[in-house]
Amino acid sequence: MTRAPVGLFGRLAAWSHRNLPTRDLMERNRLLRPVAHRVLAPELWRFTRRSVPRGVALGMVAGILVPVAQTPVAALFALPFRANVPTAALTTFITNPLTTPPLWIAAYWIGSWMLRIDAHVPGQPVAEAAAQADWIPWLMQAGPATALGLLAITIVASIGGYALSALGWRLWIARKWRHRHDNRGS
């Protein structure tokens, strides 16, 4: 008799177990067969204290900088860096239709601040051009600012994601050790 999963994490784990492909299915896939030995290397799929933060950082990079096919790109990034592939792939979902517009607006603000686009000219030419129908000149000014802002956000988010996941991993292990020690003492 199997127990029903408890809580959101339990339901998510049960859904993943039912719907994600198995290692055998992936090894038999004709598209993966030439690179299966590399893609299915066990160290890329284990959750370790080193591979998970790497996966989070690489997932942030792919999620923010890559506009399409973020999950496959993150999985490819994970191969040479020996990062956890599922973590890298799942972290790309930090950007989605709800978070992308605010991210790009923040990237433009940060990039224009870093480039000081509106600082040297009276008024705000980029904001004025965006309000008019002149999209080509606006894109020529806003494009580099947005790209630089996205790069800055990516660097900060990937370093922060790496640090937070490494810290979370350490706290989780410390809690497990404390719990194990408490159970032995009683």
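Over the ring of which residue does the charged end of K176 sit? In this predicted model, the answer is W172, with the charged end of K176 placed 4.7 Å from the centre of the ring. A second arrangement of this kind involves R180, which lies over the face of W177 at 4.9 Å from the ring centre.

W172 also takes part in an aromatic pair, and a search of the whole structure finds 1 such pair. Its partner is W169: the two ring centres are 5.3 Å apart and the planes meet at 70°, so the pair is edge-to-face. Both residues belong to helix α9 (residues 135–185), where a spacing of 3 residues separates W169 and W172 by about one helical turn. As for their surroundings, W169 is buried, having a relative accessible area of 18%, whereas W172 is partly exposed at 41%.

Helix α5 (residues 70–81) offers a handy check on geometry. At 1.5 Å a residue, its 12 residues should span 16 Å, and the end C-alpha atoms are 17 Å apart, which agrees. Within α5, the buried residues are Q70, A74, A78 and L79. The cover over the buried residues of α5 includes α3 (36–39), α4 and α6 (85–91). Just after the helix, R82 adopts a positive phi of about 55°.

A word on confidence helps in reading these features. The protein chain has an average pLDDT of 82, and 84% of the residues score at least 70. Confidence is highest in helix α4 (residues 51–65), at a mean of 93, and lowest in helix α8 (residues 125–131), at 57.

How values were computed
Residues are numbered from 1 along each chain as its sequence is written. This is a predicted model: local features need pLDDT of at least 70, side-chain atom pairs count only at pLDDT 80 or more; totals for chains, interfaces and linings use all residues. Side-chain values use heavy atoms; hydrogens and water are left out. Rings of Phe, Tyr and Trp (its six-membered ring) pair if their centres lie within 6.5 Å; planes under 30 degrees apart count as stacked, over 60 as edge-to-face and the rest as tilted. Helices (H or I, at least four residues) and strands (E, at least two) are DSSP runs, numbered from the N terminus. Buried means under 20% relative accessible area, exposed over 50%, partly exposed in between (1.4 Å probe, protein chains only). A charge sits over a ring if NZ of Lys or CZ of Arg is within 6 Å of the ring centre and within 35 degrees of the ring normal. pLDDT is the predictor's confidence in each residue, from 0 to 100. The expected span of a helix is 1.5 Å times one less than its number of residues. Contact means heavy atoms within 4.5 Å.
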